[in-house]
Amino acid sequence: MKSIVAMAVLWSVACISCMFALSYVQLLLARAMVGLGEAGYGSVGAAMVATHFPQRMRSGLLGGFFASASVGSVLGVVLGGVIATRFGWQAAFGVVGIPGLFLALMYLLVRDYKTVDTASTNTAESSTKGDMIRSIVGSVTVRWVCIGAAAQLIALSALWAWLPSFLNRVYGIAPDKAGIQAALVVLAGAAGSLVLGAIADRAGARYENGKFIAVAILSLLSMVTLMFAFGSGHVGVVLTQAAQFRLIVLGGFLATCTVGPAAAIVIDVIHPGVRSTGASVLSLVQNLFGLAAGPFIGGLLSDAVGLENALTLTPLTCVIAAASFVLARKGYQTDIHRIDNSAAAPDSQAAFA
């Protein structure tokens, strides 16, 4: 809990400090601290949510947890624009930073959680910590889920990054209005993260590998929806602007299907003592090879074949996502039993002495 408070205070203070930046370098450093704080908060926060709730509910709850970031991003842009217009851009940072600082301190009232009991020797502690780390790097399930989650986010981030440009170039929509429409797609994705995570939980409760199969199917549905939305002309179907945008919104809703389940599965199969570390590994892979790669890949394709065709092709990475989740299911039960046995062993409890 202390780490959550520390990270939230760090990014809130860094955001407020942007009000007083006198140069580009100062502003850059302050924004870097905001990113550092948010990154640490997300991983530890996910571990805390997962620990307070049973395994059968984690995909939906973690989907909702991460969806809040998308909602906050949209609200931040809207409020920041309004405040900057009236009071200047410096005031916008302060308005969003000060409430964050207050909420960070409120976390001190939230009940903390314990992973395992404490007690024991240095030898046991050393060996068990090694087992904990191996539960992350040695898990086949974790590796496939990381690949699948990153592949899905390539399609999603390319859509989010290039949709305003698409609306402006194809339909002549003004940049500000195109941004508003793109924000609606982001909000649809936030809703999808929560709803589809709950669907994955339901599937997992009914069938042994239901969660993995459900995510794979939803990933392929998002691919088909987005490819048809942008590439319907290639199959002789002409969509109206309104019909196309509705399909894009639906595709954005479906494309976040891996957000909650990926985090839940990773947390399920790693040792309780390193849940935050495991969540941070997943976050690192998703950001580097998913969220960051998507706009870059979309840009390269746009230069080569045009923006509309680029947005038609980028959802193909969902095939990799679906296949990865199908493959991840094979070692899931084995990893679960291994972690259950490890967490129950006396040496495991010793690691937190």
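**Exercise 1. Describe the surroundings of Ser-59, and decide whether Ser-59 is buried or exposed.**

Solution. Begin with the contacts, a contact meaning heavy atoms within 4.5 Å: once neighbours within four places in sequence are set aside, Ser-59 touches Gly-197, Ala-200, Asp-201, Lys-211, Gly-260, Pro-261 and Ala-264. The model is a predicted one, in which local features need pLDDT of at least 70 and side-chain atom pairs count only at pLDDT 80 or more, while totals for chains, interfaces and linings use all residues. Residues are numbered from 1 along each chain as its sequence is written, and side-chain values use heavy atoms, with hydrogens and water left out.

Next, place the residue: Ser-59 belongs to helix α3, residues 58-87, where helices (H or I, at least four residues) are DSSP runs numbered from the N terminus. Ser-59 is buried because its relative accessibility is 0%, and buried means under 20% relative accessible area, exposed over 50% and partly exposed in between, with a 1.4 Å probe and protein chains only.

Finally, the side chain of Ser-59 forms a polar contact of 3.1 Å with the side chain of Asp-201; such a contact is a pair of N or O atoms within 3.5 Å, and within protein one must be able to donate a hydrogen and the other to accept it, while residues adjacent in sequence count only if both atoms are side-chain atoms.

**Exercise 2. Place Gln-286 in its helix and list the residues that Gln-286 touches.**

Solution. Gln-286 sits in helix α11, which spans residues 275-291. With a relative accessible area of 13%, Gln-286 is therefore buried. Beyond residues up to four places away in sequence, its contacts are Ala-149, Ala-150, Leu-153, Ala-262 and Leu-291.

**Exercise 3. Work out how α11 packs against helix α12.**

Solution. Two packed helices are described by the angle between their axes and the distance between the axes. For α11 and α12 (residues 293-305), the angle is about 10 degrees and the axes are 5 Å apart, the axes being lines fitted to C-alpha atoms over the stretch in contact, with angles from 0 to 180 degrees between N-to-C directions. The two helices are therefore roughly parallel, a label for angles under 35 degrees.

At the residue level, Leu-288, Phe-289, Gly-290 and Leu-291 of α11 meet Ala-293, Gly-294 and Pro-295 of α12.

**Exercise 4. Set these details within the whole chain.**

Solution. The protein chain holds 16 helices and zero strands, and buried residues make up 46% of its 353 residues.

How values were computed: Angles under 35 degrees count as roughly parallel, over 145 as roughly antiparallel, 65 to 115 as roughly perpendicular and the rest as oblique.
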